[in-house]
Amino acid sequence: MEAPKAAAAFAAEGEDGSGGKGSWYALGERVVLVPYLREHVPRYHEWMQDPALLEATASEPLSLAQEFDVHRSWTLDPLSCAPYPPYCF
């Protein structure tokens, strides 16, 4: 059995090439990993209503407004790279 191949490419977007949060993505053969953007919050919130997913991630249920607040704090904190490893560069 052949081992899975690593991500095919990493790239940075943005004219200044700063590579800040929100500008990185990883492209694989079957998946594209992107930063957790504001537009993703409603779908993430839907997923996090599943009791099994809450248990698996040791998370507490949050309101949609709370999810937006958490997203904002992760986005604005330059030292934050949790819970989304693509932010850790």
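Helices (H or I, at least four residues) and strands (E, at least two) are DSSP runs, numbered from the N terminus. This is a predicted model, in which local features need pLDDT of at least 70 and side-chain atom pairs count only at pLDDT 80 or more, while totals for chains, interfaces and linings use all residues. Residues are numbered from 1 along each chain as its sequence is written, and side-chain values use heavy atoms, with hydrogens and water left out.

**Stop 1: a strand and a patch.** Select residues 32-33, which form strand β3; V32 lies there. V32 is partly exposed, at 46% relative accessibility (buried means under 20% relative accessible area, exposed over 50%, partly exposed in between, with a 1.4 Å probe and protein chains only). Add L27 and V34: with V32 they make a nonpolar surface patch of about 230 Å² (patch residues have over 30% relative accessible area and no salt bridge; nonpolar side chains are joined within 5 Å, like charges within 9 Å).

**Stop 2: the core.** Now select Y36, V41, Y44, M48, L54, F68 and W74, the 7 residues of the largest nonpolar core. Helices α1 (41-47) and α3 (64-76) each supply at least two of these core residues. Such a core is a set of buried Ala, Val, Leu, Ile, Met, Phe, Trp, Tyr and Cys residues joined through side-chain atoms within 4.5 Å.

**Stop 3: the salt bridge.** Stay on helix α3 and select D69 and R72, which are 3 residues apart, about one helical turn. They form a salt bridge, with the closest N and O atoms 2.8 Å apart (a side-chain nitrogen of Lys or Arg within 4 Å of a carboxyl oxygen of Asp or Glu). The structure holds 1 salt bridge. R72 is partly exposed at 41%, and D69 is partly exposed at 42%.

Key. Accessible areas come from the Shrake-Rupley method with a 1.4 Å probe; for residues, only the protein chains shown count as cover.
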